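User: I would like to go through some of the labels attached to this model and ask what each one rests on.

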Amino acid sequence: VWVLSVVGHTLDDAMMNLQQQVSSRLFFGHLRIIVISEQYARLGLANLNDYLRRNPEVRRMAWMMVSAGKAADVMRAVPKLERVPTMYLISTVDNAVKMGKFPTDFIGVFWSNLSKKGQEGFLPFVTLKKEKNVEISGLALFRGDRMVGRSNPIEIASYMSVKGLNPAGYRGIIDVDGTYVTLYSTNRRSNITVDIVDGKPRFTVKILIELNIEEKSDETIKIRTDDILKRIELRDEAIFQKANQAFIRKTQRMGSDIFGFGELVRAKKPDYWNRYVKTKDRWSVMYRDVDVVVKNDLRIRRIGMKAQ
């Protein structure tokens with residue numbers, strides 16, 4: 001693996017400088033992953049996006065990610081599981097999607113969301129660990145082409161729940177009378193509706209999540225009774241509803257509608273949009289104050305072989 005670095009005033013300038021050091025013509029059809037630093041992302045990706053979108057060789061199924069520190073550190077990492085660092089980074093995000101740990105968010109999806117009037121984009125936010133492995137530490141939230149904040153890892157599950165994305169691969173632990181019970185989500189469904197109340201959009205998000213009980217910490221409780229199962233469902237519903245509501249509120253404070261609530265207004269209430277909203281910038285301001293009500297319905301489907 002050979003890592004080259006160049007400096008340029010713009011990305012195009014940097015690529016021309018890079019071509020001076022490489023014998024063959026640069027071919028972007030092989031580009032699989034782009035790493036940008038958090039510092040650069042907060043300044044804005046206008047130049048980067050413009051250059052890449054105009055290049056027909058860049059595949060829309062490539063990945064772009066934001067690193068907590070310098071992007072060069074991630075590119076130069078030498079993980080023990082892969083000889084080629086790039087393949088390790090690609091496997092990290094691809095397998096996270098397959099296991100239900102992260103939504104499909106190729107660079108083409110990111111650009112599409114940036115172009116919508118009622119939705120903002122996000123990118124995977126990664127952190128380089130001590131063993132040169134990479135952790136997906138959350139979502140990098142954008143408003144326009146600028147990063148405005150980030151989520152924590154568990155809030156990825158909140159985003160996927162609100163959007164009803166599958167597979168569902170997150171686990172949670174709840175305390176039931178001093179016994180810790182591990183729950184594993186297997187399937188999600190979501191329905192979002194919008195109404196105009198007192199001159200403002202009001203969204204209702206109904207989420208259905210199916211769960212399996214994976215384990216319990218001890219034999220104190222018998223989880224085979226309907227009463228215990230119902231208590232576990234209600235306890236997890238309350239925790240999850242609070243988490244989902246908090247994450248939505250967090251995106252509202254940043255003015256970053258990554259859920260696409262604004263697109264729902266455009267589709268279902270076009271007269272309201274054309275009269276009161278009209279632009280993406282106006283929706284970013286209005287999104288901060290809209291009401292979003294989350295209603296969770298969690299159902300335990302399986303309790304394991306030993307249901308005692």
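**Pockets and two aspartates**

Analyst: This is a predicted model, and a place to begin is the lining of the second largest pocket, which by class has 12 nonpolar, 4 polar and 3 charged residues.

User: Which residues are closest to the centre of the second largest pocket, and which elements give two or more residues to its lining?

Analyst: Among the 19 lining residues, those closest to the centre are Ile154, Arg171, Gly172, Asp236 and Phe240. Two or more residues each come from helix H7 (155-163), strand E6 (171-176), strand E7 (179-197), strand E8 (200-216) and helix H8 (226-254). The volume of this second largest pocket is about 290 Å³.

User: Why is Asp236 said to have no salt bridge?

Analyst: A salt bridge needs a side-chain nitrogen of Lys or Arg within 4 Å of a carboxyl oxygen of Asp or Glu. For Asp236, the nearest side chain of opposite charge is Arg235, and it is 8.9 Å away, so the cut-off is not met and no salt bridge is assigned, although Asp236 is buried.

User: Where is Asp236 found, and what does it touch?

Analyst: Asp236 is found in helix H8, and, with residues up to four places away in sequence left out, it touches Ile174, Leu183, Leu211 and Leu298. These four count as nonpolar, because Ile and Leu both belong to that class.

User: What makes Asp289 partly exposed?

Analyst: Buried means under 20% relative accessible area and exposed means over 50%. Asp289 has a relative accessible area of 48%, which lies between these limits, and it is therefore called partly exposed.

User: How do you know that Asp289 touches Lys200, and how far apart are they in sequence and in space?

Analyst: Contact is judged on heavy atoms within 4.5 Å, whereas the 8.6 Å between Asp289 and Lys200 is a C-alpha to C-alpha value, so the two statements do not conflict. The two residues are 89 apart in sequence, and Asp289 also touches Gln252. Asp289 itself lies in the loop between helix H11 (280-287) and strand E9 (291-302).

User: What is the volume of the largest pocket, and which element gives the most to its lining?

Analyst: The largest pocket has a volume of about 1900 Å³. Of its 42 lining residues, Leu4, Met15, Leu18, Leu31 and Met75 are the closest to the centre. Strand E1 (33-37) gives the most to this lining, with 5 residues. By class, the lining divides into 28 nonpolar, 9 polar and 5 charged residues.

Key: Residues are numbered from 1 along each chain as its sequence is written. This is a predicted model: local features need pLDDT of at least 70, side-chain atom pairs count only at pLDDT 80 or more; totals for chains, interfaces and linings use all residues. Side-chain values use heavy atoms; hydrogens and water are left out. Helices (H or I, at least four residues) and strands (E, at least two) are DSSP runs, numbered from the N terminus. Buried means under 20% relative accessible area, exposed over 50%, partly exposed in between (1.4 Å probe, protein chains only). On a 1 Å grid over the protein atoms alone, a cavity is a set of points where a 1.4 Å probe fits but cannot get out, and a pocket is an open set with protein on both sides within 12 Å along at least five of seven lines; lining residues have an atom within 4 Å of a point. Grid points are joined across faces, edges and corners, and a volume is the space filled by probe spheres set on the points. Lys and Arg count as positive and Asp and Glu as negative; His and the chain ends are not counted.
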